[in-house]
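Morning, everyone. I have a few minutes and one structure to show you. Let me put it up.

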Amino acid sequence: MTTDLLSPFKLNDTLELQNRVLMAPLTRCMADDNLVPTQDMVEYYARRAQTGLIISEATIIRPDAQGYPNTPGLFTSEQIQGWKKVTDAVHANGGKMFAQLWHVGRVAHPHFFDGDVLAPSAIGVEGSVPRMRELTYITPKAATTDDIKSLVADFAKAAENAMEAGFDGVEIHGANGYLIDQFLHYEANVREDEYGQTPENMSRFALEVTDAVIAEVGNERTALRLTPGAYFNMSEDSRDKAVFDYLLPELEKRDLAYLHGGIFDDSTRFDSLEGKTTSEFLRAGYKGTLVGVGSYSFETAKEAINDAKFDLIAIGRPLIANPDYISKVANNEELVAYNDEMLAKLI
Ligand code: FNR
Ligand code: 8K6
């Protein structure tokens, strides 16, 4: 029997999704100058409520988490109220929505806030802020253990705020070279304390954040996105695999809502992962619910799910181009092709 991606999927005892097609988190840089979601964003998300679960664009947990212009936040009451309008509209249209909780770590820029740029170690990245190329990245400050405690607490606080804002759960952004991912890779983490040097130590921050968020919202409403193969703002190191080999079974014990790969094209094979793709590597190490992502069409996703490569699919760029993606694929209608110019406007 083949699995129908468009029939309901029980995530756990708390959450049932109307189908297996998730909207991938997509940064759009369209919040207002107080990082509050706008009415255009309310309507943009409400139009996509037919997806099984909308994952919000990455949403910063506190001011020094910011590395891009006009990315929304979840740390002021105005931001919480702004998101409440979004989740109310999504729920009114029959959808469900998680907030993606974000701290960019060393790719934060002090243009956006007062204070230090925090990272696991004082190792910067080359380059500058997308859309604001005049802002060159700076060398970050290695977080002290007190800084780390406050970062963990602020992830938990943002998760609590997400509940107040009406989200159905949260996805911790542990992917794509941002703060949590920086702890998980040797290139960015050369700490000599209990957060560095060994797979167990390098996994500590990710697990502390996960546990603090679970304590706030429960495991059934907590998800995590991971990038085992470094590819964005990070370089590969053959030692990284051992970190994820330690982390994945630890996460499995937490019985999360789901684990989500972070990658643009899931056919990419990583030398550091013994030639595996992101989803192959995650599937081999993690038995819980897994979300695949990265240049899938509805058809290739159906095939992958039927081959048990993962359980749910997240769709990104095609959903930017087609707010009505679900009804189009259900009716075999042709999709509008995505192009980068579409990022200028929310449709
Ligand atoms: C992304 N992606 C992304 N990932 C993430 O974890 N948080 C985010 O905020 C964003 N933002 C974002 C913005 C834009 C414009 C793009 C194109 C991508 C990655 C995204 O979630 C997804 O993994 C990729 O787009 C691959 O999936 P598709 O687009 O091939 O279906
Ligand atoms: C056009 C960018 C506008 C700012 C949005 C930032 C989105 C952040 C999400 C990560 C996207 C990065 C794409 C680069 C992938 C490189 C893969 C080799």
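I'll go through the annotation, the core, two helices, the ligand, and then some single residues.

First, a caution: this is a predicted model. Keep that in mind throughout.

Let's start with the record. The UniProt annotation, from an unreviewed entry, reads "domain: NADH:flavin oxidoreductase/NADH oxidase N-terminal" and covers residues 5-332. In the model, that span is 34% helix and 17% strand. Its end C-alpha atoms lie 14 Å apart.

Now the core. The largest nonpolar core has 116 residues. Within it, Phe-205 and Leu-251 have the most contacts. Which helix gives the most to this core? Helix α5, residues 199-217, with 9 residues. As background, nonpolar side chains in soluble globular proteins tend to be buried together.

Look at Phe-205. Beyond its neighbours within four places in sequence, Phe-205 is in contact with Ile-148, Leu-151, Val-152 and Phe-155. Leu-179, Ile-180, Phe-183 and Tyr-195 are also on that contact list.

Next, helix α2, residues 77-92. Helix α2 has 16 residues. From first C-alpha to last, α2 reaches 22 Å, close to the 22 Å expected at 1.5 Å a residue. Which residues of α2 are buried? They are Gln-79, Ile-80, Gly-82, Trp-83, Val-86, Thr-87, Ala-89 and Val-90. Now look at the spacing of those numbers. An α-helix has 3.6 residues a turn, so residues three or four places apart point the same way. What covers the buried residues of α2? The cover includes α1 (39-46), β4 (53-60), β5 (97-102) and α3 (145-164). After α2 comes Gly-94, with a positive phi near 90°.

Turn to α1. Here Met-41, Val-42, Tyr-44, Tyr-45 and Ala-46 are buried. These buried residues pack against β3 (21-23), β4, α2 and β5.

On to the ligand. There are 19 residues around ligand 1. Which come nearest? Pro-25, Thr-27, Arg-225, Ser-295 and Arg-317. Now some polar contacts. Thr-27 places a polar side-chain atom 2.5 Å from an oxygen atom of ligand 1. Ser-295 uses its backbone: an N or O atom there lies 2.7 Å from an oxygen atom of the ligand. For Gln-100, a polar side-chain atom lies 2.8 Å from a nitrogen atom of ligand 1.

Now for single residues in loops. Take Thr-51, in the loop between α1 and β4. Is Thr-51 buried or exposed? Its relative accessible area is 1%, so Thr-51 is buried. Outside its sequence neighbours within four places, Thr-51 is in contact with Gln-18, Asn-19, Val-21, Met-23, Leu-319 and Ile-326.

Asn-322 also sits in a loop, between α9 (317-321) and α10 (325-330). Asn-322 has a relative accessible area of 0%, so it counts as buried. Leaving out neighbours within four places, Asn-322 is in contact with Lys-328, Leu-335 and Val-336.

Two residues have a positive phi without being glycine. Asn-176 has a phi of about 55°. You'll find Asn-176 in the loop between β10 (169-174) and α4 (179-184). At a relative accessible area of 11%, Asn-176 is buried. Gln-197 has a phi of about 80°. Gln-197 is in the loop between α4 and α5. Why is Gln-197 called partly exposed? Because its relative accessible area is 48%, and the partly exposed class runs between 20% and 50%.

Next, Val-243, in helix α6, residues 240-254. Val-243 is buried, at 0% relative accessibility. Not counting residues up to four places away, Val-243 touches Leu-184, Tyr-186, Pro-199, Met-202 and Ser-203. And where is Asp-33? It is 210 residues from Val-243 in sequence, and 38 Å away in space, C-alpha to C-alpha.

Last one: Ser-7, in the segment before β1 (9-10). Ser-7 is partly exposed, at 27% relative accessibility. Ser-7 and Arg-20 are 13 residues apart in sequence and 7.2 Å apart in space, C-alpha to C-alpha. Beyond the four-place window, Ser-7 is in contact with Gln-18, Asn-19 and Arg-20. The Ser-7 side chain also reaches the backbone oxygen of Asp-4, at 3.0 Å.

That's the tour. Thanks for listening.

How values were computed: Residues are numbered from 1 along each chain as its sequence is written. Chains are lettered from A and ligands numbered from 1 in the order in which they are written. This is a predicted model: local features need pLDDT of at least 70, side-chain atom pairs count only at pLDDT 80 or more; totals for chains, interfaces and linings use all residues. Side-chain values use heavy atoms; hydrogens and water are left out. A nonpolar core is a set of buried Ala, Val, Leu, Ile, Met, Phe, Trp, Tyr and Cys residues joined through side-chain atoms within 4.5 Å. Buried means under 20% relative accessible area, exposed over 50%, partly exposed in between (1.4 Å probe, protein chains only). Helices (H or I, at least four residues) and strands (E, at least two) are DSSP runs, numbered from the N terminus. Contact means heavy atoms within 4.5 Å. The expected span of a helix is 1.5 Å times one less than its number of residues. UniProt positions are given in the numbering used here, feature names are shortened, and annotations may be inferred rather than shown by experiment. A residue is near a molecule or strand if one of its heavy atoms lies within 4 Å of it. A polar contact is a pair of N or O atoms within 3.5 Å; within protein, one must be able to donate a hydrogen and the other to accept it, and residues adjacent in sequence count only if both atoms are side-chain atoms.
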